[in-house]
Amino acid sequence: MLTQLAIQDFAIVDHLELDLTGGMTAITGETGAGKSILLGALGLCLGERADAGSVRHGRERTDLSARFDIQHLPAAVEWLSARELPADECLLRRVVTANGRSKAWINGQPATISDLKSLGEQLIQIHGQHAHHALMREETHLALLDDYASLNDATAQLAITFREWRNARRQLKKLSEEGSEVEAKRQLLRYQVEELDQLGLAEGELATLEEEQHTLAHAEETLRETQFAADCCASDEGGALSLLNQASAHLSALPGSDKGTLANTLAMLSDARIQVEEASSELNRLASTTELDPERLAWVEERMTDVHRIARKHHVAPDELCALHADLQREVAQLEEGGNDLEALSAQVVELRESYHQEAKKLSESRQKAALRLGKEVQQQLGFLAMGKARFEVEVTAKEAPSPEGLDRVQFLISANPGQPARPLTKVASGGELSRISLAIQVVAATHSTVPSLVFDEVDVGISGATAEIVGQLLRKLGENGQVMTVTHLPQVAAQAHQHLHIEKQAKRDTTLTQMALLDEQGRISELARMLGGVTLSDQTLAHAREMLHASQRPPH
C-alpha cells in the first residue's frame, strides 16, 4: 500500500510529506483548495505525462516521491527482482524541471516513464470522477468486463495473434498480386542464367584466352625471327660465335696476352662466347616449341568473340561476366524460394486464422460467464444505492468481423423501471443514475482487484442523502481489506473514513500555499460541520457532525 507521499515545489505546494496508513482515508477541502494536487502528484509518480506547469512558480523543478509497502504484492516484488532492483520496498521518484523535462527513478535507479506505468499498475488503481462519462462509450464496456474477469492477458495475446494473422494476409495478398510479374522475371532470369551456363566462362579464363590469342596470332613471326636470331648467333661462317672465336684466337697469339689489358679482354670475350652460346640454345629451343595452329587460333578468337558479345548484351565488362553469373543465379534461387514462401505463407495464414478463432472462442466463453457474474454483482450494489428496482445486464453478442479484441461486442443494459425491457445504458440512464451505476461497477471491480491500494476521485458526484451514507459504507468496507483513498464533497462519505485528510489553501503576502494534514477527532467534527453547513458553524451543525462521525465509527450490529 501507499505509505508516504512527498511533494516539493509542485503547483501551489511548497513542501509536504504525508504518511498514510491502511483503511479508508477521506480527502476533503473547499473547492479549489487543491485536492487535485494530491492526485496529480501521485499520478506523476505513476508515470502520467508531465509539463512545465507542474513546477511551482519561480522554482527550478518539482520533486515528487511515493513510497509503497509491497510485502503483500508478489507481482510487484517479481517485477523489481526481474530487473535486479531491491524488492524490500518500492520508492517511485519523479523530477520535472521548469523547461518541462522529466526524469524518473525506481528504488534509486534511473527508470523510464513506461517503467513507472508498468510498475504502478501493480501498486495502485485510480478510479476517476469522470468514470460515468466513460460508460457512455460502448468500447469501455468490453475493457471493464475484461478487467473484472482478469482477461486482459488473454485479450492481449489474442491481439498479438490477430496482428500476426492480418500481417500474413497482407503479405500473401501482395505476393499473389505480384505473382505474374515475378513469374515473368523468373523466366527471364532463367534464360540469362542458362545462356551464361552454356558459355561456361571460368574465373580468370578471359585473361588466359587473351594471352593465348596473342601468342598464336604472332606464332609465324616469332618462329621466323627467332630462327634468324639463332642463325646470327651460331652460324658457321659470319655468325657471332664464329667471329668471337676468331677474335679470341688472334689475341691469344700476341705476346703478353696472359697479362694486363689483353688478359682482361680475352676474359670478356670468353664470357661473351658463353652468353652467345646460351642465347643461341634458348632461341633454338623457342623456335622448336613454337607451333603454327590456325585452328586453335580460330577457336580462341571465336571464344573471345562470344564472351565480348554476351558482355555487351548484359551491359557489363567482359571480366565482370562471372560475377554477373553468380548474382543472377542467387536471384533465381531467391525467386524460386519465393514460390515456396508463397505456399508456406498460405499455410501460415490458415494456421493463424485457426489459432485466432480458437483463442477468440475461448475468450468469448469466458466473457459470457463473467458477464453473468458481473451483472449480478452490479445489480446487488445498485440495490444498496437505492436502485433496487432497476435491472442491470451485461450483454455479449457476436461482432460482424474479427478484431484485435475478439469476436465479441459487449454492452451494458439497464431497465430503470420494472416491466420495461433492458436497453443500452447510453440511451436510458440519467446523469444521477449513471453516477450510481458507475460507482456500483467500480466497487465491484475494486472488490475483485488484486491491487490493495485504491483511489476514488469524487466518484460520488450526483449522489446525496441516505445513498451517500451507503456509498461511504461501501468504501469503508473496501478499506477494511486494503487501502482506500477517496476525494469527496459529501460529509456522509467522509464520516465513514478511518482517517480524514484535510486540504486547505492559504494566501500569504504574494504567494498561495496548499497545506494538507490528518485531522484529529475534533478537527474531523469541524470539517464535517463545514461540509454540512458552510462557513458558519452553529452548535446544531457541530452536534450533527459529531453524531454523524460517532455513528459511522461504531461497529455494525
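**View 1. Strands β4 and β5 pair side by side in the antiparallel sense.** In this predicted model, strand β4 covers residues 61-68 and strand β5 covers residues 90-97, and eight bridges join the two. Strands here are DSSP runs of E with at least two residues, while helices are runs of H or I with at least four residues, and both are numbered from the N terminus. Two strands are said to pair if DSSP finds at least two bridges between them. To find your way across this pairing, look for S65, which stands opposite R93 in β5.

**View 2. Strand β5 also pairs with strand β6, and the two form a hairpin.** The partner here, β6, spans residues 102-106, and its antiparallel pairing with β5 runs over five bridges. You can pick up R93 again in this view: R93 stands opposite W105 in β6. Four residues lie between the two strands of the hairpin. One residue to spot in the turn is G100, with a positive phi of about 95°.

**View 3. Two loop residues other than glycine have a positive phi.** E84 sits in the loop between α2 and β5, and its phi is near 55°. N107 belongs to the loop between β6 and β7 (109-111), with phi near 50°. Which of these is buried, and which is exposed? E84 is exposed, at a relative accessible area of 75%, whereas N107 is buried, at 15%. (Buried means under 20% relative accessible area, exposed means over 50%, and partly exposed is in between, using a 1.4 Å probe and protein chains only.)

**View 4. Helices α2 and α3 cross with their axes within 8 Å.** Two packed helices are described by the angle between their axes and the distance between the axes. Helix α2 (residues 74-82) and helix α3 (residues 113-123) cross at roughly 155°. (Axes are lines fitted to C-alpha atoms over the stretch in contact, and angles run from 0 to 180 degrees between N-to-C directions.) That angle makes α2 roughly antiparallel to α3, a description used for angles over 145 degrees. A75, A76, W79 and L80 of α2 meet D115, S118, L119, Q122 and L123 of α3, where contact means heavy atoms within 4.5 Å.

**Notes.** Residues are numbered from 1 along each chain as its sequence is written, and side-chain values use heavy atoms, leaving out hydrogens and water. Because the model is predicted, local features need pLDDT of at least 70 and side-chain atom pairs count only at pLDDT 80 or more, while totals for chains, interfaces and linings use all residues.

Conventions:
Angles under 35 degrees count as roughly parallel, over 145 as roughly antiparallel, 65 to 115 as roughly perpendicular and the rest as oblique.
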